[in-house]
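Here is my note on the model you sent round. The points are numbered so that you can reply to them one by one.

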Amino acid sequence: MGITYNAEEERFDFDFLHDGQNDIISLTGSGYNIEAFGQCFYYGYEFADQVDGSLRSAFIKYLKFSESIQKDSNLTQFLQKAVNDLGRKIDLYHYDLIVMPESSSRVNQYLLRYLYRFAQPSLHYMELVKSLPSRITFDMDGYEMQYLNDVLENGRPRYTPAQKEEAKQRINEMMDLVHKKDYFTIAKDVKKSRFRPYIQRFLRFASPEDEKLYASIHNQNILVVDDVTTSGSTLNEVLRALRTLNDSNNITIFSILGRKDLMAEA
């Protein structure tokens with residue numbers, strides 16, 4: 001019966017041998033993959049179409065914040081199966097580096113320990129943490145080149161010099177407000193803004209040494225791991241941070257739970 005929800009006892013029941021029509025998550029498959037962020041994105045499971053938002057949130061909370069994953073045999077098998085399926089698809093022995101976003105979830109740390117079972121002795125782990133709002137920047141050069149310097153069909157500039165300066169002033173005022181907000185408010189406010197591609201440095205490496213190391217390695221196999229992917233905004237920020245340093249490495253993305261329609265909101 002896959003994973004079902006027992007409403008009377010407020011409990012999730014697992015059956016790793018059989019799936020059923022009332023499952024919120026099926027467990028007999030071997031994971032999924034889609035093309036997202038310009039990379040191959042793998043995930044272990046997805047919610048059934050009939051699962052509503054409240055039930056999805058309840059399971060994600062159970063998954064991410066269980067008091068002790070090691071003591072919950074269902075969760076450990078749930079996580080291990082997803083990683084084992086991934087290993088059969090991409091051969092984890094050939095990966096050199098794991099990158100994870102900072103998270104209060106216990107899942108990421110369990111995943112890291114389990115992934116090391118597949119690892120080379122030289123496998124390295126790096127963490128990306130949230131920047132202070134004051135460190136977030138705006139790529140004015142890119143915005144000007146791709147937007148403000150646009151031309152009409154007759155070859156004339158779309159914007160006058162005065163209009164360009166006014167736009168830049170408004171952006172500077174916007175960034176002044178950004179620097180005064182908290183991180184989560186910023187992420188929510190700019191997620192669907194047209195300025196989103198130009199707002200940078202949401203995440204940073206946990207240490208300067210890791211940043212220098214990543215900048216120095218090329219043509220290596222990198223595994224980016226996060227526990228649950230809904231909109232894809234966190235993983236997108238991870239990739240932006242990595243690509244800023246260099247874009248030569250072979251990156252694979254993995255989440256325990258993902259969505260086939262990920263790019264609809266990412």
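1. What share of the contacts in the chain with a separation of 6 or more comes from residues 24 or more positions apart? The figure is 74%. Keep in mind that this is a predicted model.

2. Overall layout. The chain has eight helices and 11 strands. Its C-alpha atoms fill a box of roughly 65 × 45 × 40 Å along the principal axes. Of the 266 residues, 45% are buried.

3. Surface and charge. About 14600 Å² of the chain is exposed. Carbon and sulfur atoms supply 47% of that area. The chain carries 32 positive and 38 negative charges. The mean positions of these two sets are 4 Å apart.

4. The largest nonpolar core. This core has 42 residues. Those with the most contacts inside it are Ile-25, Phe-59, Leu-63, Phe-78, Ile-256 and Leu-257. Two or more residues each come from the strands β2 (11-15), β4 (39-45), β5 (97-101), β10 (221-228) and β11 (250-257). The helices α1 (53-65), α2 (73-90) and α3 (106-115) also give two or more. With seven residues, α2 gives the most. In soluble globular proteins, nonpolar side chains tend to be buried together.

5. Ile-256. Leaving out residues up to four places away in sequence, which residues does Ile-256 touch? Its contacts include Tyr-43, Gly-44 and Tyr-45. Leu-63, Phe-78, Leu-79 and Ala-82 are also among them. Val-107, Leu-111, Asp-226 and Asp-227 complete the list. Apart from the largest core lies another one, of 22 residues. Among its members are Tyr-43, Leu-97, Val-99 and Tyr-214.

6. Ser-255. This serine lies in strand β11. Is Ser-255 buried or exposed? Its relative accessible area is 0%, so Ser-255 counts as buried, the cut-off being under 20%. Not counting residues up to four places away in sequence, Ser-255 touches Phe-41, Tyr-42, Tyr-43 and Gly-44, among others. Further contacts of Ser-255 are Asp-226, Asp-227, Val-228, Thr-229 and Leu-235.

7. Helix α8. Leu-235, one of the contacts of Ser-255, is a buried residue of α8. The helix covers residues 233-245 and has 13 residues. From its first C-alpha to its last it reaches 19 Å. That is close to the 18 Å expected at 1.5 Å a residue. Besides Leu-235, the buried residues of α8 are Glu-237, Val-238, Leu-239, Ala-241 and Leu-242. Note that Glu-237 is on that list.

8. Leu-75. Helix α2 holds this residue. Leu-75 is buried because its relative accessible area, 0%, falls under 20%. Which residues does Leu-75 touch, not counting those up to four places away in sequence? They are Phe-14, Tyr-62, Leu-63, Ser-66 and Ile-69. Leu-75 and Val-224 are 149 residues apart in sequence. In space they are 21 Å apart, C-alpha to C-alpha.

9. Two buried loop residues. Ser-131 sits in the loop between β6 (124-130) and β7 (137-138). Its relative accessible area is 4%, so Ser-131 is buried. The C-alpha atoms of Ser-131 and Leu-203 are separated by 5.1 Å, with their places 72 residues apart along the chain. Phe-202 lies in the loop between β8 (199-200) and β9 (203-205). At 2% relative accessibility, Phe-202 also counts as buried. Phe-202 and Leu-128 are 74 residues apart in sequence. Their C-alpha atoms are 9.7 Å apart in space.

10. Backbone points to check. Which sign does phi have at Asp-91? Phi is positive there, about 60 degrees, although Asp-91 is not a glycine. Asp-91 is in the loop between α2 and β5. Its relative accessible area is 30%, which means that Asp-91 is partly exposed. Asn-219 has a positive phi too, about 55 degrees, and is not a glycine either. The loop between α7 (208-216) and β10 holds Asn-219. Asn-219 counts as exposed because its relative accessibility is 59%, over the 50% cut-off.

Terms used: Residues numbered from 1 in each chain as written. Predicted model: local features only at pLDDT ≥ 70, side-chain atom pairs only at ≥ 80, totals over all residues. Heavy atoms only, no water. Core = buried A, V, L, I, M, F, W, Y, C linked by side-chain atoms within 4.5 Å. Buried < 20%, exposed > 50% of the residue type's maximum accessible area, 1.4 Å probe, protein only. Helix = DSSP H or I, 4+ residues; strand = E, 2+ residues; numbered from the N terminus. Contact = heavy atoms within 4.5 Å. Areas by Shrake-Rupley, 256 points an atom, 1.4 Å probe, with all protein chains shown as cover. Lys, Arg positive; Asp, Glu negative; His and termini not counted. Charge placed at Lys NZ, Arg CZ, Asp CG, Glu CD. Expected span 1.5 Å × (residues − 1).
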